[in-house]
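Open the model in your viewer and keep the sequence panel visible. The stops below say what to select and what is found there.

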Amino acid sequence: MILGIGNDVIDIRRVERTLNRFGDRFVQRLFTDVEQRKSDRRAARAASYAKRFAAKEACSKALGTGFRKGVYWRDLGVVNEPSGRPTMVLTGPARDHLARMTPSGCDAVVHLTITDDYPYAHAVVIISAVSKGTL
């Protein structure tokens, strides 16, 4: 069962300008430590941050909260599964909201796809509920 869908597109040049203007202040405010380590070692650093920015926006839309109701940027983090496939880890109020929207007897699964084709980065998030024990 699909609980929420969100997508976002961002211009990588916008992220480049923001990184140049605000640097570490921007990075610390929006991105988790895992995201920072991953993005800071990339040659296309701005594109990496842009994809993660788009994923956070898409996830907030799939949750139905946007960045309100106590949900903050760092509550939504892009991580990679052992296979390399990206997914989202939700913490704090974002995790709590996800738990409230997940039907009893089900587990929530966050599906994420991210891509970039300069000058754009794009992300789609689908949150689904699956019966417990079927993961």
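Start by selecting helix α4: 17 of its 19 residues are buried, so the rest of the structure largely encloses this helix. The model shown is a predicted one. Helix α4 covers residues 45-63. Put a distance between its two end C-alpha atoms and the viewer should give 27 Å; at 1.5 Å a residue, 19 residues should span 27 Å, so the two values agree.

**Inside α4: S60**

Now select S60, which belongs to helix α4. Is S60 buried or exposed? Its relative accessibility is 1%, and because the cut-off for buried is under 20%, S60 counts as buried. Show what surrounds S60: beyond the neighbours within four places in sequence, its contacts are T65, G66, F67 and L76. Then add I126, which is 66 residues from S60 along the chain, while the C-alpha atoms of the two are separated by 11 Å.

**Just past the helix: G64 and K69**

Step on to G64, just after α4, where phi is positive at about 85 degrees. Continue to K69, in the loop between α4 and β2, a strand that covers 76-80. Phi at K69 is also positive, about 55 degrees, although K69 is not a glycine. Most residues other than glycine have a negative phi. In a surface view, look for K69 on the outside: with 59% relative accessibility, K69 counts as exposed.

**Strand β1: G4**

Which residue lies 7.3 Å from G64, C-alpha to C-alpha, though 60 residues separate the two in sequence? The residue is G4, and its place is in strand β1, residues 2-11. G4 counts as buried, at 10% relative accessibility. Display its contacts, leaving aside neighbours within four places in sequence: A62, V125, I126 and I127. A62 falls within the residue range of α4, and the other three contacts of G4 fall within strand β5, residues 120-131.

**Strand β5: S128**

Select S128 next, in strand β5. S128 and G4 are 124 residues apart along the chain, yet their C-alpha atoms are separated by 7.0 Å. S128 has a relative accessible area of 10% and is buried. What does S128 contact, apart from its neighbours within four places in sequence? One group is M1, I2 and L3, and another is D107, A108, V109 and H111.

**The turn into β5: P119**

Go back along the chain to P119, in the loop between β4 (106-117) and β5. Look at the peptide bond that joins Y118 and P119: this bond is cis, with omega at about 15 degrees. Most peptide bonds are trans.

**Between two helices: T32**

For the last residue stop, select T32 in the loop between α2 (24-30) and α3 (33-40). T32 has a relative accessible area of 17% and is buried. Residues up to four places away in sequence aside, T32 touches K56, R74 and G77. Add V78 as well: T32 and V78 are 46 residues apart in sequence, and their C-alpha atoms are 8.3 Å apart in space.

**Zoom out: the whole chain**

Clear the selection and show the chain as a cartoon. How many helices and strands are there? The chain has five helices and five strands, and along the sequence they follow the pattern β-α-α-α-α-β-β-α-β-β. The radius of gyration is 15 Å, close to the 14 Å that the globule rule gives for 135 residues, so the chain is as compact as a globular protein of that length. Turn the C-alpha trace along its principal axes, and the spans are about 45 × 30 × 25 Å.

Of the 135 residues, 44% count as buried. Among contacts between residues at least 6 apart in sequence, 59% join residues at least 24 apart.

Finish with the surface and the charges. The chain exposes about 7,400 Å², and carbon and sulfur atoms supply 50% of that area. Colour the side chains by charge to find 22 positive and 14 negative ones; the centres of the two sets lie 2 Å apart.

Note on methods: Residues are numbered from 1 along each chain as its sequence is written. This is a predicted model: local features need pLDDT of at least 70, side-chain atom pairs count only at pLDDT 80 or more; totals for chains, interfaces and linings use all residues. Side-chain values use heavy atoms; hydrogens and water are left out. Helices (H or I, at least four residues) and strands (E, at least two) are DSSP runs, numbered from the N terminus. Buried means under 20% relative accessible area, exposed over 50%, partly exposed in between (1.4 Å probe, protein chains only). Contact means heavy atoms within 4.5 Å. The radius of gyration is taken over C-alpha atoms; the globule rule is 2.2 Å times the number of residues to the power 0.38. Accessible areas come from the Shrake-Rupley method with a 1.4 Å probe; for residues, only the protein chains shown count as cover. Lys and Arg count as positive and Asp and Glu as negative; His and the chain ends are not counted. The place of a charge is taken as NZ of Lys, CZ of Arg, CG of Asp or CD of Glu. The expected span of a helix is 1.5 Å times one less than its number of residues.
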